[in-house]
Amino acid sequence: MGGLALWITGLPGSGKSTAADGIRKLHPDFVILRMDELRKIVTPNPTYSDTERDLVYRSLVYLAMVLTELGRNVIIDATGNRRVWRDLARGLIPDFIEVYLKCTVEECSIRERMRTDTRGAPAGIYRRGERGWPVPGVNVPYEEPLNPEIEVESTVSSAEDIVALIDDSLKRRLNA
């Protein structure tokens with residue numbers, strides 16, 4: 001039996017890594033695939049070009065697909081600013097859940113400036129975005145999911161509430 005893939009998407013600073021860590025704490029068998037960690041290996045000197053992003057996201061989807069085929073449950077902790085990458089994962093992974101953490105760019109920027117644990121993400125990305133560095137939601141489009149299984153306004157929901165909502169959905173899916 002194959003594993004399940006849970007893609008937590010949203011702007012940088014929307015709470016993806018916090019949600020992923022919370023789910024992993026409740027479900028220790030899940031493997032977290034963090035885009036920021038993968039990028040350091042696949043593109044150690046990233047340019048964040050469209051071509052490079054496409055390569056790295058397709059690599060992430062492939063890795064998630066292989067792990068789920070081996071029966072592992074996976075959390076994809078990645079902005080995934082283009083819908084095509086999330087749709088690719090949905091098409092290749094039979095048991096797929098998309099979680100959209102909706103948050104304003106302004107709130108994400110405040111959170112990003114205040115965080116102490118970047119979990120491998122580059123620091124100061126919104127300030128860099130103001131200077132022309134490619135940042136989803138600032139100067140690179142973020143294509144919101146059209147029909148995510150779970151959508152949460154992370155500006156008004158606590159991290160605990162978000163994790164509980166995702167966990168409820170997971171329990172229903174895993175016990176079905």
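**Exercise 1. Describe how helix H3 packs against helix H4 in this predicted model, beginning with the handedness of the crossing.**

Solution. H3 passes H4 in a right-handed crossing, and the structure in which this is seen is a predicted model. The next step is to take the axes of H3 and of H4, the latter covering residues 83-92, which come within 10 Å and cross at roughly 25 degrees. Because this angle falls under the 35 degrees that serve as the limit, H3 counts as roughly parallel to H4. On the H3 side, the contact is made by Arg53, Asp54, Tyr57, Arg58, Val61 and Met65, while H4 contributes Trp85, Leu88, Ala89 and Leu92. Sorted by class, the residues of this contact between H3 and H4 comprise seven nonpolar and three charged, with no polar ones.

**Exercise 2. Work out how the axes of helices H2 and H3 are arranged, and list the residues through which H2 and H3 meet.**

Solution. Begin with the geometry: the axes of H2 (residues 35-42) and H3 (residues 50-69) come within 10 Å and cross at roughly 115 degrees. Angles of 65 to 115 degrees count as roughly perpendicular, and H2 and H3 are therefore roughly perpendicular to each other. The handedness follows as a separate step, and here H2 passes H3 in a right-handed crossing. Turning to the residues, Met35, Leu38, Arg39 and Val42 of H2 meet Glu52, Leu55, Val56, Tyr57, Ser59 and Leu60 of H3. By class, this contact of H2 with H3 consists of seven nonpolar residues, one polar residue and two charged residues.

**Exercise 3. Decide whether Glu98 and Arg86 are buried or exposed, and describe the contacts of their side chains.**

Solution. First place the two residues: Glu98 is found in strand S4, which spans residues 96-102, and Arg86 belongs to helix H4. The relative accessibility of Glu98 is 5%, and because buried means under 20%, Glu98 counts as buried. Arg86, at 1% relative accessibility, likewise counts as buried. The side chains of Arg86 and Glu98 are joined by a polar contact of 2.6 Å. To fill in the surroundings, leave aside neighbours within four places in sequence; Glu98 is then in contact with Trp7, Thr9, Arg86, Arg90, Pro145, Pro148, Glu149 and Ile150. With residues up to four places away in sequence not counted, the residues that Arg86 touches include Trp7, Thr9, Thr79, Phe96, Glu98, Tyr142 and Pro145.

**Exercise 4. Locate Ile97, state whether Ile97 is buried or exposed, and find how far Ile97 lies from Leu6 in sequence and in space.**

Solution. Ile97 lies in strand S4, and at 1% relative accessibility Ile97 counts as buried. In sequence, Ile97 and Leu6 are 91 residues apart, whereas in space the two are 4.8 Å apart, C-alpha to C-alpha. Not counting residues up to four places away in sequence, Ile97 touches Leu4, Ala5, Leu6, Trp7, Glu149, Ile150, Ser169, Leu170 and Arg173.

**Exercise 5. Identify the buried residues of helix H1 and name elements that cover them.**

Solution. In H1, which runs over residues 16-26, the residues Lys16, Ser17, Ala19, Ala20, Gly22 and Ile23 are buried. What covers the buried residues of H1 includes strands S1 (5-9), S2 (31-34), S3 (74-77) and S4, together with helix H7 (159-174).

Methods: Residues are numbered from 1 along each chain as its sequence is written. This is a predicted model: local features need pLDDT of at least 70, side-chain atom pairs count only at pLDDT 80 or more; totals for chains, interfaces and linings use all residues. Side-chain values use heavy atoms; hydrogens and water are left out. Helices (H or I, at least four residues) and strands (E, at least two) are DSSP runs, numbered from the N terminus. Buried means under 20% relative accessible area, exposed over 50%, partly exposed in between (1.4 Å probe, protein chains only). Contact means heavy atoms within 4.5 Å. Axes are lines fitted to C-alpha atoms, for helices over the stretch in contact, and angles run from 0 to 180 degrees between N-to-C directions. Angles under 35 degrees count as roughly parallel, over 145 as roughly antiparallel, 65 to 115 as roughly perpendicular and the rest as oblique. A crossing is left-handed if the near helix is turned anticlockwise from the far one by less than a right angle, and right-handed if clockwise. Ala, Val, Leu, Ile, Met, Phe, Trp, Tyr, Cys and Pro count as nonpolar, Asp, Glu, Lys and Arg as charged, and the others, Gly among them, as polar. A polar contact is a pair of N or O atoms within 3.5 Å; within protein, one must be able to donate a hydrogen and the other to accept it, and residues adjacent in sequence count only if both atoms are side-chain atoms.
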